Protein chains: 2
Amino acid sequence: MQVSKSLDYAVRSLTYIAKEDAKVFTIRDISEKQHIPQNYLAKIMRKLVQKGLLSSSPGPEGGYSLRKSTGDISLKDVYEAIEGDMQLIDCMEKNVVCELFNSCSQRSVWDHLQLHTLNFLNDISVEDIASNNFRNKAE
Amino acid sequence: MQVSKSLDYAVRSLTYIAKEDAKVFTIRDISEKQHIPQNYLAKIMRKLVQKGLLSSSPGPEGGYSLRKSTGDISLKDVYEAIEGDMQLIDCMEKNVVCELFNSCSQRSVWDHLQLHTLNFLNDISVEDIASNNFRNKAE
DNA sequence: CCAGCGACTTACTTACTTGCAAAGCAACCT
DNA sequence: AGGTTGCTTTGCAAGTAAGTAAGTCGCTGG
């Protein structure tokens with residue numbers, strides 16, 4: 001149970017963008033400042049573009065820019081852009097009604113944990129992280 | 001961010017043990033009833049033995065048995081037996097003081113989530129899951 | 001004491017994540 | 001038009017989780 005590098009990098013990049021005044025950011029800039037492998041970061045940024053969090057443009061003066069205010073981007077948004085819908089556990093057989101479904105007591109435990117986690121992530125915006133302001137909400 | 005199969009299997013096995021009256025359980029029994037690959041389960045059970053949750057004995061009449069009451073085994077215990085100490089994210093450079101440490105705003109977010117998660121797991125025992133009783137505590 | 005049972009161990013696939021490298025493509029500037 | 005810039009895509013290598021296969025070791029009942 002771990003936060004993937006991809007998600008960590010995505011949050012790190014968006015937080016960096018939120019902190020700086022610039023309008024447009026290049027991969028090279030972010031990757032150097034945040035110590036993220038360039039080509040790997042490219043794949044991550046692509047996902048954030050596809051999910052509508054960022055827009056991108058090639059060429060000189062090109063780069064990535066925000067599509068909406070960082071205050072309107074929650075960690076849940078970032079999570080889902082990178083990882084898709086959260087699913088803390090896969091049921092035993094994918095795409096099949098699990099044979100053990102009825103006697104499966106622990107499923108509801110993971111469901112609860114997942115719900116708690118999603119609520120937690122949903123209450124924190126990128127802006128909150130950039131301004132170190134998230135504690136007020138989390139507590 | 002997902003619960004590993006290993007942890008899921010471990011919880012599933014212990015819950016199964018908690019529900020049944022028997023004193024001793026074989027790999028074959030658990031693996032058949034819970035649909036867990038035998039040889040993979042063997043490795044998981046080994047960890048639970050090494051961490052003192054179960055004891056094991058070979059030969060006829062052998063198998064695994066509980067070392068303490070399932071009410072005294074929390075999900076946190078199981079987690080740590082299988083995965084070791086929880087670490088939701090690895091800092092950028094392992095075993096090195098991170099260069100970005102001071103400007104690293106998101107670390108405390110993950111720290112909070114980790115703390116919440118550990119508290120959640122710590123409050124639920126295997127017995128609670130087996131008796132479908134955990135909601136009372138979680139809410 | 002020895003054969004069978006069941007835990008334990010090792011080695012080998014398979015798939016996914018992370019990371020690296022290089023090539024392709026679009027916009028812009030001269 | 002052509003070259004620079006920066007996004008985009010593809011392929012490959014290493015590491016880890018998950019699963020498979022097959023063998024080793026120790027207890028115990030006949």
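Q: What turn and shift lay chain A on chain B, and with what RMSD?
A: In this predicted model, a turn of 180 degrees with a shift of 0.0 Å along the axis lays chain A on chain B, and the RMSD is 0.1 Å. That is how a two-fold axis relates two copies.

Q: Which C-alpha of chain A is nearest the axis?
A: That of A:Met1, which is 2.8 Å from the axis.

Q: And what percentage of the contact residues of chain A recur in chain B?
A: 100%; the same surface serves both copies.

Q: Switching to the DNA. How many residues surround strand C, and which are the closest?
A: There are 23 residues around DNA strand C, and the closest are A:Lys5, A:Tyr9, A:Asn39, A:Tyr40 and B:Ser56.

Q: What part of the strand accounts for the atoms near protein?
A: Of the atoms of DNA strand C that come within 4 Å of the protein, 72% belong to sugar and phosphate.

Q: Which polar atom of A:Lys5 is 2.7 Å from a phosphate oxygen, backbone or side chain?
A: A backbone one: a polar backbone atom of A:Lys5 lies 2.7 Å from a phosphate oxygen of DNA strand C. B:Tyr64 uses its side chain, with an N or O atom 2.9 Å from a phosphate oxygen of the strand.

Q: What about A:Asn39, which atom of the strand is 2.8 Å from its side chain?
A: A base nitrogen of DNA strand C, 2.8 Å from an N or O atom of the A:Asn39 side chain.

Q: Which elements supply at least two residues each to that surface?
A: From chain A, α1 (5-19) and α3 (38-50); from chain B, α3 (38-50), β1 (54-57) and β2 (63-66).

Q: And by class?
A: The surface near DNA strand C has 10 nonpolar, nine polar and four charged residues.

Note on methods. Residues numbered from 1 in each chain as written. Chains lettered and ligands numbered in written order. Predicted model: local features only at pLDDT ≥ 70, side-chain atom pairs only at ≥ 80, totals over all residues. Heavy atoms only, no water. Near = heavy atom within 4 Å. Polar contact = N/O pair within 3.5 Å; in protein donor to acceptor, adjacent residues only side chain to side chain. Helix = DSSP H or I, 4+ residues; strand = E, 2+ residues; numbered from the N terminus. Nonpolar A, V, L, I, M, F, W, Y, C, P; charged D, E, K, R; others polar. Least-squares fit on C-alpha atoms with pLDDT ≥ 70 in both. Contact = heavy atoms within 4.5 Å.
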